[in-house]
Amino acid sequence: MRYTVDRMEEQIVICELEDRTTKEFPRSLFPINIKAGDIVEENANGFTILEEETKERKERIARLMESLWD
């Protein structure tokens, strides 16, 4: 299952699903370099950051923000 990292609170990572609901997971299940906005995928060992999808999402958001100023 894929999630977007919404935020981190102490030892908890709050992730958002596509339907905008959130779910909490222990921080220990994530890579050390996790940050808000990352797209992650759950697997048998915890979570993996989907680097390319995260990059595409950030670029899409940047384009949307830029269009607001045009």
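Author: Welcome! Rings of Phe, Tyr and Trp (its six-membered ring) pair if their centres lie within 6.5 Å; planes under 30 degrees apart are stacked, over 60 edge-to-face and the rest tilted. The model is predicted, so local features need pLDDT of at least 70 and side-chain atom pairs 80 or more, while totals for chains, interfaces and linings use all residues. Residues count from 1 along each chain as its sequence is written, and side-chain values use heavy atoms, without hydrogens or water.

Reader: Thanks! How many aromatic pairs does a search of the whole structure find?

Author: One of them joins Tyr3 and Phe47, edge-to-face at 5.9 Å centre to centre, with 65 degrees between the planes. In the whole structure, the number of aromatic pairs found is five.

Reader: How many residues apart in sequence are the parts that Tyr3 and Phe47 tie together?

Author: Tyr3 belongs to strand S1 and Phe47 to strand S5 (strands are DSSP runs of E, at least two residues; helices are runs of H or I, at least four; numbering starts at the N terminus). The pair therefore ties together parts whose separation in sequence is 44 residues.

Reader: Are Tyr3 and Phe47 buried or exposed?

Author: Tyr3 has a relative accessible area of 2%, and Phe47 has 6%. Buried means under 20%, exposed over 50%, and partly exposed in between (1.4 Å probe, protein chains only). So Tyr3 and Phe47 are both buried.

Reader: Which residues do ring pairs link into a cluster?

Author: Phe25 and Phe30 also form an edge-to-face pair, 6.2 Å centre to centre with 65 degrees between the planes. Both of these Phe residues are buried. The cluster linked by ring pairs consists of Tyr3, Phe25, Phe30 and Phe47.

Reader: In what order do the five strands form the sheet?

Author: The sheet is open and its pairing is antiparallel (strands pair if DSSP finds at least two bridges between them). Strand S3 (22-26) and strand S5 (46-49) are the edges, each pairing on one side only. From one edge to the other, the order is S3-S2-S1-S4-S5.

Reader: Which residue in S3 stands opposite Val13?

Author: Strand S2 covers residues 12-16 and pairs with S3 in the antiparallel sense over five bridges. Opposite Val13, in S3, stands Phe25.

Reader: Is Thr54 buried or exposed?

Author: Thr54 has its place in helix H1. Leaving aside residues up to four places away in sequence, Thr54 touches Gly37, Asp38, Ile39 and Ile49 (contact means heavy atoms within 4.5 Å). Because its relative accessibility is 5%, Thr54 counts as buried.
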